[in-house]
Amino acid sequence: MMMRGGRSPARTLGVAGVAAAGVAAAGVAAARVAAARVAVALLLLAPAATVHAQRVEERSLAARRLAVGARMVSATGMDGLAHRAGAGPRRADLWKLGGMASLALGVASIDRRGDAWARRTSVQDNGTLEALAQVGDVTGSHAAMGVGPAAWLLGRVRGDSGTAVLGLRTTEAVFVSGVAISAIKVLAGRTRPYASADNSPTHWDLFGGLRSDSTRSFASGHSALSAAAAVTLAAEWRRQGAQGWKTAGPPLVYALASLAAASRVRDRQHWMSDVVTGAAVGMASALIVRRWHDMHPRSRIDRTFLSR
């Protein structure tokens with residue numbers, strides 16, 4: 001049977017089928033192109049999405065850490081003294097200690113000259129130097145050991161957490177320096193200037209410090225205790241931003257520590273290298289205590305002595 005126009009039904013159906021197939025193929029191709037575009041877009045957006053997610057997580061973690069730190073500060077009573085970033089030993093600490101060690105080695109070469117100065121009659125009979133030596137002796141012993149506990153007790157009684165922290169840190173630094181110096185004195189066994197028959201600084205006896213106080217010259221305990229107290233007090237005043245003391249305090253305590261060291265040379269209790277080494281031990285003790293607490297803001301020591 002023929003259709004109008006001379007086309008048979010079969011031929012018409014064949015043309016329609018080819019057209020449908022073409023349309024279907026075009027649709028598949030378009031779909032593939034669209035899928036490819038989506039994939040490329042996802043690949044391009046994936047890194048940005050990842051970075052954004054990481055930033056969100058970091059911000060969330062930082063917020064949680066701040067909240068924990070605030071709770072710790074509140075629990076220990078240390079208002080405004082939150083744990084600081086960059087805790088632990090610093091390069092500046094090593095430079096300070098290295099400088100003190102180098103100074104001690106350099107001063108050792110003039111130990112004889114220092115003692116020769118102290119033996120002069122004009123020095124020993126000078127009333128002003130005698131009075132200053134007495135002040136230095138008290139500064140390097142009773143004052144250095146008492147300022148920490150006194151400040152801690154005052155802070156606790158008045159409810160002043162800053163003063164309590166200052167007193168506790170000073171007490172810890174002085175204690176550490178005292179233990180270290182005691183061990184060094186016993187081990188070194190160096191003869192004190194007044195006990196040296198030939199005025200020589202070269203008399204050393206391993207573990208000689210166990211026998212007599214006259215062989216406990218190295219290193220100076222007065223210098224160590226006063227330096228530990230001075231460095232800690234100055235550091236805490238700066239850290240807490242204490243008005244007045246932040247500016248005037250450090251020069252005062254450093255001057256008193258220097259006076260304590262000089263008095264021991266004038267009294268012929270120590271050689272010059274003894275007092276410089278003692279000051280280095282005191283400084284090291286103060287730095288050790290400070291850095292340790294920076295890394296342990298919720299230590300048992302603080303929970304015991306600073307909790308409300």
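## Helix assignment and model confidence

Helices in this report are DSSP runs of H or I covering at least four residues, numbered from the N terminus. By that assignment, valine 135 belongs to helix 5, which spans residues 127-158.

The structure is a predicted model. Its protein chain has an average pLDDT of 82, and 71% of the residues reach at least 70. Two stretches have pLDDT under 50 throughout. For residues 38-51, the model shows 0 contacts beyond four places in sequence. For residues 68-86, where pLDDT also stays under 50, the model has 33 such contacts.

## Nonpolar core

The largest nonpolar core holds 21 residues, and those touching the most other members are Met100, Ala173, Val174, Val275, Val276 and Met283. Two or more residues each are contributed by helix 2 (91-108), helix 6 (161-188), helix 7 (221-240), helix 8 and helix 9 (272-295). Helix 9 gives the most, with 8 residues. A second core, separate from this one, has 7 residues, among them Leu166, Ala230, Trp237 and Ala257.

Leaving aside residues up to four places away in sequence, methionine 100 touches Val276, Ala279, Ala280 and Met283.

## Nonpolar surface patch

Val135, Trp245, Leu252 and Leu256 together form a nonpolar patch of about 350 Å² on the surface. Helix 8 (residues 245-266) supplies the largest share of this patch, 3 residues.

Valine 135 of helix 5 is classed as partly exposed because its relative accessibility is 40%, and that class lies between the buried limit of under 20% and the exposed limit of over 50%.

Methods:
Residues are numbered from 1 along each chain as its sequence is written. This is a predicted model: local features need pLDDT of at least 70, side-chain atom pairs count only at pLDDT 80 or more; totals for chains, interfaces and linings use all residues. Side-chain values use heavy atoms; hydrogens and water are left out. Patches are made of residues with over 30% relative accessible area and no salt bridge: like charges are joined within 9 Å, nonpolar side chains (Val, Leu, Ile, Met, Phe, Trp, Tyr) within 5 Å. Accessible areas come from the Shrake-Rupley method with a 1.4 Å probe; for residues, only the protein chains shown count as cover. A salt bridge is a side-chain nitrogen of Lys or Arg within 4 Å of a carboxyl oxygen of Asp or Glu. Buried means under 20% relative accessible area, exposed over 50%, partly exposed in between (1.4 Å probe, protein chains only). A nonpolar core is a set of buried Ala, Val, Leu, Ile, Met, Phe, Trp, Tyr and Cys residues joined through side-chain atoms within 4.5 Å. Contact means heavy atoms within 4.5 Å. pLDDT is the predictor's confidence in each residue, from 0 to 100.
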